[in-house]
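Here is a colleague's note on the model shown below, set out as numbered points. Please read each point with the structure open beside it.

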Amino acid sequence: MSEEATQSVFRVKHDADRHEDMPPPRTEVGVIGWLRKNLFNSWFNSLMTLLAIWILYKFIPPIVDWFIISAQWADAPPEVCKEVSGACWPVIYEKYRLVIFGRYPYEEHWRPLIGVLILIGVVGFSTNRKFWRPWLGLVWLGGLAAFFAIMWGGFLGMKLVPNNLWGGLPLTLLLGLVGVTVAFPISILLALGRRSQNVPLIRALCVGSIELIRGVPLITLLFMASFMLPLFMPTGVSIDEVLRAQVAIILFTAAYLAEVIRGGLQAIPKGQYEAADALGLNYWQAQRKIILPQALKISIPPIVNTFIGIFKDTSLVAIVSLTDLLFAARSAIADPEWRAFFVEIYIFIAVIYFCFTFFMSRYSQYLERVLDTGHGARR
């Protein structure tokens with residue numbers, strides 16, 4: 001190679017190295033680069049971004065003004081609140097006990113408070129994977145027994161409070177937690193029964209029960225359990241109204257969860273069943289050790305979504321005269337003096353619902369991460 005050609009190659013390499021060391025354009029990095037890449041990368045996205053900015057400009061300042069700036073924060077009577085243009089947060093202080101504890105006797109409110117803490121404590125204990133052992137069921141039984149004991153009373157000097165006076169957050173948590181806890185194993189059996197090929201009778205019973213319950217709204221089941229079921233009971237025999245509503249919620253939840261779990265079972269490759277047969281496992285051993293763990297892991301998002309839906313649907317028990325959290329809020333704003341500030345009360349219970357559902361959502365995402373074994377697309 002001639003000296004001139006060698007120098008030419010050297011200049012090309014030198015120019016290439018110099019260009020590689022040059023920083024990227026300012027419009028491609030930093031805040032400007034992020035805006036161009038994510039918000040203004042096309043004319044349509046640019047238009048949508050400007051429209052979103054305009055909407056935020058029109059609505060966010062009035063909302064902030066109503067919530068914070070012009071709101072009444074100090075304790076004040078309703079007459080003072082009516083003179084301000086913002087929110088009246090003293091109504092929360094005035095009515096929070098009625099909203100959270102419903103019609104439970106005022107002087108005994110410490111008991112439902114402890115009951116709520118017991119239920120939350122049991123749930124928090126159960127979220128730790130170290131405690132996923134068979135004895136965890138005993139923890140749940142003990143927690144529920146303590147909850148019922150302190151809510152009912154009638155011993156150690158505590159006044160007996162019938163459950164028709166229970167309400168607010170304790171009743172909502174009870175119906176939601178017991179509903180999903182009892183419905184979950186029932187739904188697994190229904191899903192397995194619906195997929196059964198060797199026992200047509202069990203398959204038909206499972207299909208019929210699932211389709212029948214899923215084919216009617218929850219409100220129908222609550223009406224039947226509360227008003228029609230007593231008509232078929234022998235004279236003098238009655239079933240507790242809270243128990244009737246609880247059974248309706250359990251059946252409804254189990255039917256929906258059964259279809260969710262059946263979808264997870266169908267997603268398991270046939271090779272997993274063949275591997276279980278090759279290991280000499282019987283049906284129940286294969287389901288417990290190989291099939292169900294994988295199916296439940298796949299089904300975590302829709303399972304938790306069902307849990308969230310049922311927790312919010314407990315508000316429907318108000319139509320059968322049970323004072324859930326939403327019905328207690330409606331009772332609170334029945335006071336003529338505070339009726340004008342119903343928005344603040346509904347915001348209060350919306351925050352309560354959001355806190356519980358947000359926890360369930362975040363915990364489901366945590367489970368997806370820790371149980372991810374590398375199968376399928378990694379999130």
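1. Leu156 counts as exposed because its relative accessibility is 79%, and the cut-off for that class is over 50%. In this predicted model, Leu156 is placed in the loop between helix H7 (136-152) and H8. Its backbone also deserves a look, since Leu156 has a positive phi of about 50° although it is not a glycine. Most residues other than glycine have a negative phi.

2. A second residue to check in this way is Ser321, which is not a glycine and yet has a positive phi, of about 70°. Ser321 is found in the loop between H14 and strand E1 (323-324).

3. On the chain as a whole, the secondary structure comes to 16 helices and one strand. Of the 379 residues, 37% count as buried, while the chain exposes about 22800 Å², of which carbon and sulfur atoms supply 67%. If we take the contacts between residues at least 6 apart in sequence, 68% of them join residues at least 24 apart.

4. Which residues touch the most other members of the largest nonpolar core? They are Val99, Leu265 and Val317, in a core that has 80 residues. Helix H8 (residues 168-194) gives this core its largest share, namely eleven residues. Another core, of seven residues, lies apart from it and includes Ala183, Leu190, Ile250 and Ala254.

5. Leu265 can be followed further through its contacts, leaving aside the neighbours within four places in sequence. On that basis, Leu265 is in contact with Ala191, Leu192, Arg195 and Tyr273, and also with Gln287, Ile291, Leu292 and Ala295.

6. The meeting of two helices is worth tracing residue by residue. The axes of helix H13 (residues 283-298) and helix H14 (residues 300-313) come within 5 Å, and they cross at roughly 65°. On the H13 side the residues are Leu296, Lys297 and Ile298, and these meet Ile300, Pro301, Pro302 and Ile303 in H14. Sorted by class, this contact of H13 with H14 has six nonpolar residues, one charged residue and no polar ones.

7. The aromatic rings form a further topic, as a search of the whole structure finds 24 aromatic pairs. Phe125 and Phe131 form one that is stacked, with 4.1 Å from centre to centre and 0° between the planes. Why is the pair of Phe131 and Trp135 tilted? The planes of these two rings stand at 55°, with the centres 6.1 Å apart, so the pair is tilted; planes under 30 degrees apart would count as stacked, and those over 60 as edge-to-face.

8. Are these three rings buried, exposed or partly exposed? Phe125 counts as partly exposed because its relative accessibility is 30%, and Phe131 counts as partly exposed at 25%. Trp135 is partly exposed as well, with a relative accessible area of 39%. The reasoning rests on the cut-offs, because buried means under 20% and exposed over 50%, with partly exposed in between.

9. Finally, one aromatic cluster should be located in the model, and it is formed by Trp66, Phe67, Trp73 and Trp89.

Terms used: Residues numbered from 1 in each chain as written. Predicted model: local features only at pLDDT ≥ 70, side-chain atom pairs only at ≥ 80, totals over all residues. Heavy atoms only, no water. Helix = DSSP H or I, 4+ residues; strand = E, 2+ residues; numbered from the N terminus. Buried < 20%, exposed > 50% of the residue type's maximum accessible area, 1.4 Å probe, protein only. Contact = heavy atoms within 4.5 Å. Areas by Shrake-Rupley, 256 points an atom, 1.4 Å probe, with all protein chains shown as cover. Core = buried A, V, L, I, M, F, W, Y, C linked by side-chain atoms within 4.5 Å. Axes fitted to C-alpha atoms, helices over the stretch in contact; angles between N-to-C directions. Nonpolar A, V, L, I, M, F, W, Y, C, P; charged D, E, K, R; others polar. Phe/Tyr/Trp six-rings, centres within 6.5 Å; stacked < 30°, edge-to-face > 60°.
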